[in-house]
Amino acid sequence: MVDAGDQGVELHFKDGTPAQADLVVGADGIRSVVRDTAWPSYDIAFTGTTIWRTLLPVEAVRDLDPRFQLTGWWHSPTTHVYFSPVGDGLWEIAARAYHDPATHSASKVSWGVPVTNAHVESHFGDMLPDIREALRRVPEGGWREFAAFAGPELATLTAWDNRVVLVGDASHALSGAFGSGAGFAMEDGWVLARALEHFRNDLTRALPLFDKIRLPYYSRMYAHLERQAARRVARLKEIGDPTYDDHIRGKIITDGVGDMSWIYMHDIGAVWADAVVRLDDSS
């Protein structure tokens with residue numbers, strides 16, 4: 001990808017195919033190549049969290065703890081396991097383990113790597129027997145490993161004089177912190193489409209409006225996560241010598257979170273309508 005000035009953006013694909021574009025939308029995820037090119041100083045880093053995911057028939061665990069038939073999280077101080085029925089007779093496991101990123105590393109480009117059952121199970125030996133049994137019932141070859149990366153807040157979601165714009169995980173490298181990444185990406189795409197439509201594809205006006213609407217939203221997410229992290233640290237510091245259970249309580253802290261409807265009941269249509277009204281008023 002090359003900034004061609006008034007000529008737009010030159011694209012060079014892996015297979016050698018060239019292309020010219022007026023606008024490049026970086027919708028290529030947390031490991032975004034578009035972001036790496038247009039924001040060369042931006043860097044994501046391994047968070048220390050490794051995630052393993054799989055699906056298996058819900059009948060495979062029907063005889064285990066009945067609470068497994070509900071969506072829930074099971075915690076240890078440095079790990080957690082998420083169980084949830086997901087429909088069509090399937091059951092999801094998403095397991096996470098944390099290691100200090102100062103002493104552990106991960107590949108930025110590897111994603112969804114097959115790993116053995118023994119490798120996954122070795123991280124959850126302190127879990128309840130039924131949880132360990134559920135992990136053992138995953139067919140060999142069923143696990144995929146994902147290393148969690150995150151990056152700092154961006155000052156703008158547009159680059160190269162409004163010829164490049166980021167949407168979805170490319171625009172906010174938060175490693176799925178709110179569990180709503182698909183929703184955020186759809187909101188981004190919808191607002192971008194409305195802005196382009198409103199300004200008849202005038203990129204110099206449409207992209208700044210997109211930035212004005214979406215950038216504060218992601219900034220609010222970063223600020224929320226910083227407050228929650230500080231609260232957990234403060235709570236453990238107050239305890240002084242935290243026990244196993246204290247560490248778990250610190251992970252699942254819920255008091256002080258506040259109203260999260262701005263994430264989980266976000267009305268993007270109303271946000272857009274308000275932005276247009278304010279735009280007309282200012283004009």
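**Figure 1. The stretch from residue 20 to residue 198, seen on its own.** Over residues 20-198, the chain is 21% helix and 30% strand. The C-alpha atoms at the two ends of this stretch sit 24 Å apart. Keep in mind that what you're looking at is a predicted model. The label for these residues comes from UniProt, where an unreviewed entry carries the annotation "domain: FAD-binding" for residues 20-198.

**Figure 2. The largest nonpolar core and the elements that feed it.** This core has 49 residues, and the members that touch the most other members are Trp-39, Val-164, Met-221 and Ile-263. Quite a few elements chip in with two or more residues: the strands β2 (9-12), β10 (144-150) and β12 (164-166), plus the helices α1 (33-38), α4 (181-198), α5 (203-239), α7 (261-264) and α8 (268-282). Which element gives the most to this core? That's α5, with eleven residues. Apart from this core lies another one, made of 22 residues, including Val-115, Val-120, Phe-124 and Ala-134. As a bit of background, nonpolar side chains tend to be buried together in soluble globular proteins.

**Figure 3. Zooming in on Trp-39.** Here's one of the core residues that touch the most other members. Setting aside residues up to four places away in sequence, what does Trp-39 touch? Its partners are Val-34, Leu-154, Thr-156, Leu-157, Thr-158, Ala-159, Val-164 and Leu-166.

**Figure 4. Thr-158, a residue in strand β11.** Thr-158 belongs to strand β11. Is Thr-158 buried or exposed? With a relative accessible area of 13%, Thr-158 counts as buried, because the cut-off for that is under 20%. Leaving out neighbours within four places in sequence, Thr-158 is in contact with Trp-39, Val-164, Val-165, Leu-207 and Asp-211. Look for Phe-210 too: Thr-158 and Phe-210 are 52 residues apart in sequence, and their C-alpha atoms are 8.9 Å apart in space.

**Figure 5. Arg-163, a buried residue in a loop.** You'll find Arg-163 in the loop between β11 (158-159) and β12. The relative accessible area of Arg-163 is 11%, so this residue is buried. Around Arg-163, and not counting residues up to four places away in sequence, the contacts are Asp-3, Gly-5, Gly-8, Val-9, Asp-22, Leu-23, Val-24 and Leu-207.

**Figure 6. Arg-200 and Asn-201, in the loop between α4 and α5.** Arg-200 lies in the loop between α4 and α5, and Asn-201 is found there as well. Most residues other than glycine have a negative phi. Arg-200 has a positive one, near 50 degrees, and the phi of Asn-201 is positive too, near 65 degrees. Are these residues buried or exposed? Arg-200 is exposed, with a relative accessible area of 77%, and Asn-201 is also exposed, at 56%.

**Figure 7. The one cavity that turns up.** How many cavities of 30 Å³ or more does a search of the whole structure find? Just one, and the volume of the largest cavity is about 70 Å³. Lining the largest cavity are Asp-169, His-172, Leu-174, Ser-175, Gly-176, Ala-177, Phe-178, Gly-179, Ser-180, Gly-181 and Phe-184. Sorted by class, that lining has four nonpolar, six polar and one charged residues.

Methods. Residues are numbered from 1 along each chain as its sequence is written. This is a predicted model: local features need pLDDT of at least 70, side-chain atom pairs count only at pLDDT 80 or more; totals for chains, interfaces and linings use all residues. Side-chain values use heavy atoms; hydrogens and water are left out. A nonpolar core is a set of buried Ala, Val, Leu, Ile, Met, Phe, Trp, Tyr and Cys residues joined through side-chain atoms within 4.5 Å. Buried means under 20% relative accessible area, exposed over 50%, partly exposed in between (1.4 Å probe, protein chains only). Helices (H or I, at least four residues) and strands (E, at least two) are DSSP runs, numbered from the N terminus. Contact means heavy atoms within 4.5 Å. UniProt positions are given in the numbering used here, feature names are shortened, and annotations may be inferred rather than shown by experiment. On a 1 Å grid over the protein atoms alone, a cavity is a set of points where a 1.4 Å probe fits but cannot get out, and a pocket is an open set with protein on both sides within 12 Å along at least five of seven lines; lining residues have an atom within 4 Å of a point. Grid points are joined across faces, edges and corners, and a volume is the space filled by probe spheres set on the points. Ala, Val, Leu, Ile, Met, Phe, Trp, Tyr, Cys and Pro count as nonpolar, Asp, Glu, Lys and Arg as charged, and the others, Gly among them, as polar.
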